[in-house]
Amino acid sequence: MRIYKLILLAFIVIVSCKKSDPANPPEATLLVFPNKNSECTVGNDVSATTREVDFKWQKANNTDSYELRVTNIDANSTQTISTGALSARLPLLKGAAFSWVVLSSNAQVTQKVSSATWQFYNAGTETSRPPFAAEIISPEIGVSLFKDINNEITLSWAGSDLDNDIEGYDIYFDTVTPPIAVLSTVDANVTEQKVSVEANTVYYWKIVTKDGDGHSSDSGISDFRIY
């Protein structure tokens, strides 16, 4: 009788442990197409102004479904589609810049995990295109960090332009949002800037990229906190 009780107890312990195992969150997918900072020239023409673009990404672990979000950067409008496949197709305006991201999810948890965000230009008839919005590298958005011994930190970013005619960057840096103070304007070959900071302060910054044809693009606002 005692051995049966021990077996039953062991069974209960095993079942309880299995029930308490944490759910596996989804992992981030890797984007495939359209390529990062590229011009997309393929797809089915819907009209003179619209083209259907195919989006592709890799399989992510612990993922049941994917949510594709494609944003027209100038119009600030987003199209969304959910699918269990590794691709989706959306009609997009020609001659416009877009960003896209894919969120992974599963039925075990409520959280969604985001891929990287890529930008591309949906080709139209234009011969001159605006630069892509600068990519904020460091500090990462929302991070808290210490200043160096000179009471400074370094802002860094990456720029890209299909026409290769970036002329420079305006660096907006402030303690208010949106940042209204232009800290400096730098040449196209400069992608970092040291700034003076104070402890216990939140800073907001963005990069405006300018090209030789008078076009510009806005990175969007990033922020960080100094301990």
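A salt bridge is taken here as a side-chain nitrogen of Lys or Arg within 4 Å of a carboxyl oxygen of Asp or Glu. In the predicted model, Lys94 and Asp45 form such a pair, with their closest N and O atoms 3.3 Å apart. Asp45 belongs to strand E3 (residues 44–45) and Lys94 to the loop between E7 and strand E8 (96–105), so the salt bridge ties together parts that are 49 residues apart in sequence. The two partners are placed in contrasting surroundings: Lys94 counts as buried because its relative accessibility of 17% is under the 20% limit, whereas Asp45 is exposed, with a relative accessible area of 51%.

By this rule, eleven salt bridges are counted in the model. One of them joins Glu135 to Lys36, where the closest N and O atoms are separated by 3.1 Å. This pair also links distant parts of the chain, since Glu135 is in strand E11 and Lys36 is in the loop between strand E1 (31–33) and strand E2 (38–40), 99 residues apart. Both side chains of the pair fall in the intermediate class of accessibility: Glu135 is partly exposed at 34% relative accessible area, and Lys36 is partly exposed at 37%.

A further salt bridge is formed between the side chains of Arg69 and Glu67, with an N to O distance of 2.5 Å. Of these two residues, Arg69 is partly exposed, with a relative accessible area of 35%, while Glu67 is buried, with a value of 11%. Elsewhere, Glu39, Arg129 and Asp163 are joined into one network by salt bridges that share partners.

Strand E5 (residues 65–72) contains Thr71. The relative accessible area of Thr71 is 16%, so the residue is classed as buried. A polar contact of 2.8 Å connects the side chain of Thr71 with the side chain of Thr78. When neighbours within four places in sequence are set aside, the contacts of Thr71 comprise Asn76, Ser77, Thr78, Ala97, Phe98 and Ser99.

Strand E7 (residues 87–93) shows an alternating arrangement of side chains. Ala88, Leu90 and Leu92 are directed to one face and are buried, while Ser87, Arg89, Pro91 and Leu93 are directed to the other face and are not buried. E7 runs antiparallel to strand E4 (residues 50–57), and the two strands are joined by seven bridges. Within this pairing, Asp54 has Arg89 of E7 as its bridge partner; Arg89 is one of the residues on the face of E7 that is not buried.

Strand E11 (residues 132–138), which holds Glu135 of the salt bridge described above, also includes Phe132. Phe132 is buried, its relative accessible area being 3%. Excluding residues up to four places away in sequence, Phe132 touches Asn37, Ser38, Gln119, Phe120, Tyr121, Ser160, Asp161, Leu162, Thr209 and Ser217. The C-alpha atoms of Phe132 and Ala158 are 9.9 Å apart, with these positions 26 residues apart along the chain counted as their separation.

Terms used:
Residues are numbered from 1 along each chain as its sequence is written. This is a predicted model: local features need pLDDT of at least 70, side-chain atom pairs count only at pLDDT 80 or more; totals for chains, interfaces and linings use all residues. Side-chain values use heavy atoms; hydrogens and water are left out. Buried means under 20% relative accessible area, exposed over 50%, partly exposed in between (1.4 Å probe, protein chains only). Helices (H or I, at least four residues) and strands (E, at least two) are DSSP runs, numbered from the N terminus. Two strands pair if DSSP finds at least two bridges between them. Contact means heavy atoms within 4.5 Å. A polar contact is a pair of N or O atoms within 3.5 Å; within protein, one must be able to donate a hydrogen and the other to accept it, and residues adjacent in sequence count only if both atoms are side-chain atoms.
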